[in-house]
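Here's a quick briefing to read with the model open beside you. We'll begin with one charged pair and work outwards from there.

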Amino acid sequence: MERNQNLGTILGDSAYPLRSWLMTPIRTCLNEHEVAYNHAHCKTRVMIENVFGRWKRRFPVLKFPSRRKKIPTILRDIRVAAVLHNFSIEHRIPEPALHEVQILEDEHDPNDQEGDIFDDARQAPTGTVKRNLIVRDNF
């Protein structure tokens, strides 16, 4: 995505830098349109994070993908999880109960670190332009 291939847009929190392909919240909203953008951004990210949580409970291999050595294997696992998750929904296969996956929830990935909060001075100009257009055209 860094090579300017138009593969879509990813939503990230303020721990990530704003890029043309990675939209982050606006730190200091100057008007109601920016507030509406932040609200929609947050609401969408919460829904996505809930799905990721459901996938990790159903498919523990996704819990710590960084333990896998090969990126193609990680990507395959994610695609397979998405297909099987949708299959499970269509066929009403229940998700595992929380107590069934509690051991996995208690594990800690030593490679998992909190991201740095990027300040506005480090944001990519093309990301700012794209986000401003999104706000202007949709909110």
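Start with R45 and E49: their side chains form a salt bridge, with N and O 2.5 Å apart. Keep in mind that this is a predicted model. Both residues sit in helix α1, four residues apart, which is about one turn of the helix.

**The R45 network**
- R45 is the buried partner, at a relative accessible area of 17%, and buried here means under 20%.
- E49 is partly exposed, with a relative accessibility of 42%.
- The pair doesn't stand alone: salt bridges with shared partners join D13, R45 and E49 into one network.

**Salt bridges that reach out from α1**
- The count of salt bridges comes to six, and two more of them involve E95, as described next.
- R54 and E95 meet through their side chains at 2.5 Å, N to O.
- R54 belongs to helix α1 while E95 is in the loop between α2 (71–90) and α3 (102–106), so this pair ties together parts that lie 41 residues apart in sequence.
- R54 is partly exposed, with a relative accessible area of 29%.
- E95 is partly exposed too, at 27% relative accessibility.
- E95 also forms a salt bridge with R57, where the closest N and O atoms are 3.8 Å apart.
- That second pair again links distant parts of the chain, with R57 in helix α1 and E95 in the loop between α2 and α3, 38 residues apart.
- R57 has a relative accessible area of 22%, so it counts as partly exposed; the cut-off for buried is under 20%.

**Helix α1 itself**
- The helix covers residues 32–58, which makes 27 residues.
- From first C-alpha to last, α1 reaches 39 Å, close to the 39 Å expected at 1.5 Å a residue.
- What caps the N-terminal end of α1? N31 does the job, with a side-chain oxygen 2.9 Å from the backbone nitrogen of H33.
- Which residues of α1 are buried? They are E34, Y37, N38, H41, R45, W55 and R58.

**H33 and the far end of the numbering**
- H33, whose backbone nitrogen takes part in that cap, has its place in helix α1.
- Its relative accessible area is 35%, so H33 is partly exposed.
- Leaving aside residues up to four places away in sequence, H33 touches V135 and F139.
- H33 and F139 are 106 residues apart along the chain, yet their C-alpha atoms are separated by 5.0 Å.

**The whole protein**
- The secondary structure adds up to four helices and two strands.
- Reading from the N terminus, the order is β-β-α-α-α-α.
- Of the 139 residues, 24% are buried.
- If you take contacts between residues at least 6 apart in sequence, 60% of them join residues at least 24 apart.
- The protein exposes about 10200 Å², and carbon and sulfur atoms supply 57% of that.

Terms used:
Residues are numbered from 1 along each chain as its sequence is written. This is a predicted model: local features need pLDDT of at least 70, side-chain atom pairs count only at pLDDT 80 or more; totals for chains, interfaces and linings use all residues. Side-chain values use heavy atoms; hydrogens and water are left out. The expected span of a helix is 1.5 Å times one less than its number of residues. Buried means under 20% relative accessible area, exposed over 50%, partly exposed in between (1.4 Å probe, protein chains only). A polar contact is a pair of N or O atoms within 3.5 Å; within protein, one must be able to donate a hydrogen and the other to accept it, and residues adjacent in sequence count only if both atoms are side-chain atoms. Contact means heavy atoms within 4.5 Å. Accessible areas come from the Shrake-Rupley method with a 1.4 Å probe; for residues, only the protein chains shown count as cover. A salt bridge is a side-chain nitrogen of Lys or Arg within 4 Å of a carboxyl oxygen of Asp or Glu.
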